[in-house]
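User: I am new to this structure and should like to understand the terms used to describe it. Please set each term against its definition as we go.

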Amino acid sequence: DLNSSDITGTGNIDVTGTVAMDGGSTSANFTFGDNDKAIFGAGSDLEIYHQGGYSYIHDTGTGPLYIRATDLILKSAVDNDDYAKFIENGAVTLYYSNAAKIATTATGVDVTGTVTADGLTVDGASLTVDNGFGITSIGAVKYIADSDDNAPSTGSLHQFYTDNGTTAALVVQKSGSVGIGTSTHYDSSTKLTVAGRMNTSNGTA
């Protein structure tokens, strides 16, 4: 047994067995080999270790794993690319190849780029599409919000295509005028223009 308030020495100490301490500090690194674990908790609830080509933070306890930070940023190993940013009282932003793609906002979520989904359910009163062509296709139906690729303005056309082709089946002007059959025969001076035959309850026109 060694009984002293302070022990000072130089060189290395090789211990076979377990070292139990009431506390400790170091001015250098603790080095763990492959599969050697830093274990925390009375029931070995948290383990940090490296196993061959992989590294693990393994929470084996019954409660959740908390990661607390004012701002939390996940980056690549060489610190060049952002993976995700979690800003306190602000946005959560996800990145693809260091480019922001999805960010939460005070009112919902902001997506940069194209969303490809197997389905879409809108739990609200309306669906609003801003800027550009808007909703360009729904199954076999194609819709273009404006003929000049801008948000609808005075005199702009809303065009519906049933074959995803270049001939509009239905054209609606913002003023309320409607053209059926082709946009070529569309007449903004009338409320309804039909290209081709029109069947009504009183006959064919």
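User: Which strands form the open sheet that has β6 in its order, and what makes two strands a pair?

Analyst: The open sheet consists of five strands in the order β4-β5-β6-β7-β8, with antiparallel pairing. Strands are DSSP runs (E, at least two residues; helices are H or I, at least four), numbered from the N terminus. Two strands pair if DSSP finds at least two bridges between them. Five bridges join β4 and β5 in the antiparallel sense, and five satisfies "at least two", so the two strands are called a pair. Within this pair, Lys75 stands opposite Asp82 in β5.

User: Why are β4 and β8 said to stand at the edges?

Analyst: β4 (71-75) and β8 (109-111) each have a single partner strand, so one side of each is left without a neighbour in the sheet. From one strand to the next, the twist averages 15°. Such angles run from 0 to 180 degrees between N-to-C directions, with axes being lines fitted to C-alpha atoms.

User: What kind of model is this, and how are residues numbered?

Analyst: This is a predicted model, in which local features need pLDDT of at least 70 and side-chain atom pairs count only at pLDDT 80 or more, while totals for chains, interfaces and linings use all residues. Residues are numbered from 1 along each chain as its sequence is written, and side-chain values use heavy atoms, with hydrogens and water left out.

User: Why is Thr93 called buried?

Analyst: Buried means under 20% relative accessible area, exposed over 50%, and partly exposed in between (1.4 Å probe, protein chains only). Thr93 has a relative accessible area of 12%; this is under 20%, so Thr93 is buried. The residue lies in strand β6 (residues 92-96). Contact means heavy atoms within 4.5 Å; leaving aside neighbours within four places in sequence, the contacts of Thr93 include Tyr83, Lys85 and Ile102.

User: Is Asn89 buried or exposed, and how do you know?

Analyst: The relative accessibility of Asn89 is 82%, which is over 50%, so Asn89 counts as exposed. Asn89 is found in the loop between β5 (82-87) and β6. The phi of Asn89 is positive, about 55°, although this residue is not a glycine.

User: Which strands make up the open sheet of three strands?

Analyst: Its order is β1-β2-β3, with antiparallel pairing. β1 (37-40) and β3 (54-59) stand at the edges, because each has a single partner strand and one side of each is left without a neighbour in the sheet. The twist averages 10° from one strand to the next. Strand β2 (residues 46-51) pairs with β3 over six bridges in the antiparallel sense, and Glu47 stands opposite His58 in β3.

User: What makes Ser44 partly exposed?

Analyst: Ser44 has a relative accessible area of 32%, which falls between the two cut-offs, so the term is partly exposed. Ser44 lies in the loop between β1 and β2 and has a positive phi of about 55°, although it is not a glycine. Among the residues in contact with Ile39 of strand β1 is Ser44.

User: Why is the pair of Tyr49 and Tyr56 called stacked?

Analyst: Rings of Phe, Tyr and Trp (its six-membered ring) pair if their centres lie within 6.5 Å; planes under 30 degrees apart count as stacked, over 60 as edge-to-face and the rest as tilted. A search of the whole structure finds one aromatic pair. The centres of Tyr49 and Tyr56 are 5.1 Å apart and the planes are at 20°; these values are within 6.5 Å and under 30 degrees, so the pair is stacked. Tyr49 is buried at 13% relative accessible area, whereas Tyr56 is partly exposed at 31%.

User: How do you know that a charge sits over a ring in the case of Arg68?

Analyst: The term requires NZ of Lys or CZ of Arg within 6 Å of the ring centre and within 35 degrees of the ring normal. The charged end of Arg68 sits over the ring of Tyr66, 5.4 Å from its centre, and that distance is within 6 Å. Lys37 lies over the face of Tyr49, at 4.6 Å from the ring centre.

User: Why is strand β10 described as largely enclosed?

Analyst: Four of the five residues of β10 (residues 157-161) are buried, so the strand is largely enclosed by the rest of the structure. Four bridges join β10 to strand β11 (residues 170-173), and the two run antiparallel.
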